[in-house]
Amino acid sequence: MSERLIRAMTRFRWPLLALWLVALVAAGAAALPLAERLSGGGWYVPGSGSQQAVAATRSGFADRGASDLTLVVRDERHTAADPAFAQRVHQVTERVTGDKRLRTVGSYGWAGLSPAARGTFLGKDRHTAITLVGLKLDDGTARRVLPDVQRELDHRYAPQGLRVSLVSGGTLWGEINTLSQHGLQKAELITFPLLLVILLLLYRGVAAAVVSFVVSATAIVLTLGLMSLLARHFELSVFVENAATMIGLGVSVDYSLFVISRYVDELARGRDHDAALAVTLRTSGRTVVFSGLIVVLAMSSLFLVDLNVIQSIALGIVVVVAFAVLASVAVLPLVLRLLGDRILWGRLPGRRRPAGERGHRWRQAARQIMRRPVLFLTTAVIAMAALAAPSLSLRTFTPDARIVPGSSPVRQGFDAMREQFGPGTASPHQVVITSRTPLTASPDAGPILALPGRLAALPHVTAVNSPLDALRTAGPGRPFAALEPAAFARLPGDARATVDHFVSADRRTLVLEVIGDDYASAAHSRALVASMRSLVRNLDAPGLRIVVGGESAEGVDANAAIEDRLPAVVLVMLAVIYLLLLVTFRSVLLPVKAILINLLSLGATYGVLVLVFQHTALAGPLGLTEFGYLQNFVPVLLLAILFSLSTDYEVFLLHRIREEFDGGADNTTSVAGGLARTAPLISGAALLMVAVFGAFAFTGIMPIQQLGLGLAVAIALDATVIRLVVVPAAMQLMGDWNWWLPGRSSRPAPAVRTGEPAARP
C-alpha cells in the first residue's frame with residue numbers, strides 16, 4: 001500500500017501541492033478571528049448549584065443582566081467630601097452606562113443613590129466609589145468588548161487623576177485572553193529558533209531541519225482554522241489556542257523527526273527516492289499513525305468530564321494530533337518526494353554517522369544497567385518516589401484575579417475592591433432563592449427572613465447584603481407585603497433601587513449576597529461554600545428552591561465534576577492503552593509494566609509541580625507565578641497527555657526490542673540492541689518536546705505555565721530515568737516473561753530472510 005501511495009503521490013504531486021497550499025491559506029484566514037471567538041467561560045457544570053444561580057439571575061432584574069460588572073472609580077485628587085468628587089464619578093458612570101457597546105440594563109450603586117445611602121459604595125479611603133452595572137451582553141461578547149472599553153477608559157481618565165476599572169469575569173477573561181496571545185507570541189519567538197538549532201544538530205543539515213516545520217505549520221494552522229469555525233457555533237475555552245499550539249508543536253516536530261531521519265537513512269543505504277519513501281511510510285509512518293492513535297484515544301477519555309474548559313482543550317489536542325499524523329504521512333512525504341536529494345542540502349561540517357553506529361554508547365550503557373538490574377531499578381524508583389512525595393498534598397482550584405499582573409487596570413480594580421470594601425467584595429457568594437409563587441403570597445416567610453442572620457453567623461462571613469432591611473421600612477411585621485405594587489410605590493427611592501437589585505420583577509426570585517473574608521479561590525472561601533450549602537440543604541422551606549452560586553461555588557462545582565469523573569477517565573484510558581499494547585506486542589505483562597512506569601513518572605511530575613507552584617519553593621526564582629495551588633484542569637490533562645506521549649516512546653522502543661528478540665537474540669541482547677537503535681531518536685525527540693514545553697512554561701499565563709512545566713519535566717524524566725534505567729532494568733528482571741501470552745510461544749519461528757533491513761521506528 002505504501003508503494004501504491006508513493007506512486008500516486010508522484011503522479012499527482014503538483015495538484016496535491018496546490019491543494020495543500022490552498023488548504024493552508026484557507027485555514028489561516030479562518031484562524032484570524034479565533035482569539036475573539038474563544039470564551040473565558042466553560043467552568044460551569046451543567047445542573048450544578050452555581051450554574052442554576054447564574055441562570056436564575058441572568059434576566060428579570062432591574063440591573064442584572066446576562067453579564068454584570070462593577071465600575072470602580074478612584075479619584076486620586078479628591079475625596080467624597082469635595083463636590084468635584086461626585087461630579088467626576090457621575091461623569092465616568094454616565095459614560096460607561098451610556099456606551100452602546102455595553103447594552104446596559106441598569107445600574108445600582110454610588111452614582112444612582114442619594115448621598116445618605118451611598119456609604120456602602122464608598123471605600124475606606126473615601127477616594128473610591130463603586131457602581132454595579134448589568135449588561136445584556138452574553139459572556140463571550142462581554143469578554144471581547146470589555147477589554148477595549150477598559151483600555152479606552154484608562155487612556156481617557158488616567159491623565160485626569162481617575163483610576164477607572166471594570167471589574168467582572170468578562171474583563172478578567174478578556175485580559176487573560178490578551179495575555180495568552182502575548183504569551184503565545186513570546187513562546188513562538190523563543191521556540192522556533194530553539195527548535196531550528198536542535199534540529200540542525202540532529203539532522204546536521206539545513207534543508208531537513210527546515211522541512212521539519214512543514215508538519216508543524218500544517219497541523220497548527222489547520223487546527224486553529226477548524227477551531228475558529230467551531231467557536232462560531234460552540235463555546236470553546238480561551239486556553240484551547242495555547243494548549244493546541246504547544247502540543248501540536250511538540251508532537252509534530254517529533255513525528256517529522258522520525259519520518260525524515262528514516263528517509264535520510266534509507267537514501268544513505270542507496271535506495272532511490274520512491275523506494276526510500278515506501279520503506280519510510282511502512283516503518284516510521286506506521287509508527288507515527290499508531291502513536292497518534294494512542295494520543296487521540298487517550299485524550300478522548302477527557303470528554304467524560306462534563307466541563308467545557310476540559311472538553312475544549314481535549315478537542316484542540318485531539319484535532320492537532322490528528323492533523324500532525326495526517327501531515328506526517330501525507331504532506332511530508334509529498335514535500336520529501338519533491339525535494340529528492342535536496343533534502344541533504346546545507347550539510348553541516350562533520351559526518352552524520354550511519355544508523356548502526358549512532359547507538360554504540362547507548363548499548364554499552366544498557367548492558368551496564370542490566371548487569372545490576374536490582375540496584376539500578378531500586379535507586380531509580382526511590383528517586384522517583386521521593387520526587388512524587390509532595391504530590392500527596394496536591395490542591396487544585398480555578399484561577400482568580402491574581403492570574404493577571406498587578407500592573408493591569410483590571411487587576412488594580414480587583415485589588416482596590418479588596419482593599420477598600422473588604423477581601424470578598426470582588427467575588428461575593430450568592431444565595432439565590434426561587435419561589436413557585438410570588439414572595440408576596442408566600443404563606444411562611446420565616447425561613448427566608450431568618451436566613452440572612454444565619455448566613456452572617458457562619459465562619460469567614462463579613463457581611464450579608466439583602467433587601468430585607470429596605471422592605472422592613474414599609475412593614476416590619478410582613479416585609480414581603482412591601483413588594484405589592486401599591487406598597488412598593490410608597491417606598492423611598494433608595495429602598496426601591498435596593499429591592500429591585502435583589503428581587504426579580506416577577507417577585508419570585510430573591511438574591512442574598514454573602515461577603516467572605518478572602519479570595520474566591522482561598523480555602524476559607526471553599527469552606528464557606530460548603531457551610532452555606534449545608535445550611536440551605538437543611539432549611540425547612542417547602543415551595544422554595546435555594547442554590548448557592550458565585551465564583552467560589554463555580555470552582556467547587558468544577559473540582560467536584562473533575563473528581564467525580566476522574567476514576568472513569570483513568571479506567572477508560574488505561575484500558576485503551578493496555579489493549580493497544582496487548583494487541584501490538586502480544587504480551588500480557590509488558591502493558592502492565594508500561595502503565596506502572598507511567599504512574600511513577602506521573603507522580604514525580606505532580607510532585608515537582610507542587611514544590612514549584614503550591615509550596616512556592618522555586619516559583620519566584622524561576623520567574624513563575626506563585627499561587628498556592630494548581631489549576632484544576634492541569635493534573636487531569638497531564639494524566640492523559642503524559643500517558644499517551646510516554647506510551648509513544650514505549651512503543652518506539654519495544655518495537656525494536658521485539659524485532660531483535662524475534663530475530664533470535666536473547667533477552668539481554670535484544671533489550672540492549674533495541675535501546676541502542678532507538679535511544680538517539682527518542683532522546684532527540686524528547687529534547688525537542690522539552691524545548692517546546694519549556695518555552696511555554698516560562699512565557700505563558702499561570703495555567704499554561706503549570707501545564708508546560710509539567711510536560712517538560714515529565715518528558716525529561718521519561719527520556720532519561722525511565723527509558724534509560726527503569727525499562728532495561730525491569731525487562732532484564734522479567735526475562736522471557738516480557739513476551740508471555742497464554743497459549744502462545746514467546747519466540748515465533750524464524751522468518752524467511754528477504755534481504756530487507758528490519759523495520760525500525
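What follows is a walk through the structure, from its overall dimensions to two sheets and the helices that accompany them.

The model is a predicted one, and its secondary structure comes to 25 helices and 10 strands. Along the principal axes, the C-alpha trace spans about 100 × 50 × 45 Å, and of the 761 residues in the protein, 57% count as buried. If one considers the contacts between residues at least 6 apart in sequence, 81% of them join residues that are at least 24 apart.

One place to begin is the open sheet of four strands whose order is β2-β3-β1-β4, with antiparallel pairing. Its edge strands are β2, covering residues 104-109, and β4, covering residues 162-167, each of which pairs on one side only. From one strand to the next, the twist averages 20°. Within this sheet, strand β1 (residues 67-75) and strand β3 (residues 128-135) run antiparallel and are joined by eight bridges; as one point of reference, Val-72 has Ile-130 in β3 as its bridge partner. Helix α14, which comprises residues 409-421, lies across β1, β3 and β4, and runs at about 95° to β4.

A pair of helices can be examined next. Helix α5 (residues 83-97) packs with helix α6 (residues 139-157) at an angle of about 150°, the two axes being 12 Å apart. Because angles over 145 degrees count as roughly antiparallel, α5 is described as roughly antiparallel to α6. The crossing in which α5 passes α6 is right-handed. On the α5 side, the residues that meet α6 are Gln-91, Val-92, Arg-95 and Val-96, while α6 contributes Leu-153, Arg-156 and Tyr-157. Sorted by class, this contact of α5 with α6 has four nonpolar residues, one polar residue and two charged residues.

Further along the chain there is an open sheet of four strands with the order β7-β8-β6-β9, in which the pairing is antiparallel. Here the edge strands are β7 (461-465) and β9 (544-549), each pairing on one side only, and the twist from one strand to the next averages 20°. Strand β6, made of residues 429-435, pairs with β9 in the antiparallel sense over six bridges, and the bridge partner of Gln-430 in β9 is Gly-549. The pairing of β6 with β8 is likewise antiparallel and extends over six bridges, with Val-432 standing opposite Val-511 in β8. Between β7 and β8, four bridges support pairing in the antiparallel sense, and Asn-465 has Glu-513 as its bridge partner in β8.

Strand β8 deserves a separate look. In a regular strand, the side chains alternate between the two faces of the sheet. In β8 both faces are covered, since Thr-509, Val-511, Glu-513 and Ile-515 on one side, together with Leu-510, Leu-512, Val-514 and Gly-516 on the other, are all buried. Eight of the eight residues of β8 are therefore buried, so the strand is largely enclosed by the rest of the structure. Helix α19 (residues 523-537) lies across β6, β7, β8 and β9, and it runs at about 20° to β6.

Definitions and conventions. Residues numbered from 1 in each chain as written. Predicted model: local features only at pLDDT ≥ 70, side-chain atom pairs only at ≥ 80, totals over all residues. Heavy atoms only, no water. Axes fitted to C-alpha atoms, helices over the stretch in contact; angles between N-to-C directions. Parallel < 35°, antiparallel > 145°, perpendicular 65-115°, else oblique. Left-handed = near helix turned anticlockwise from the far one by under 90°. Contact = heavy atoms within 4.5 Å. Nonpolar A, V, L, I, M, F, W, Y, C, P; charged D, E, K, R; others polar. Pairing = 2+ DSSP bridges. Buried < 20%, exposed > 50% of the residue type's maximum accessible area, 1.4 Å probe, protein only.
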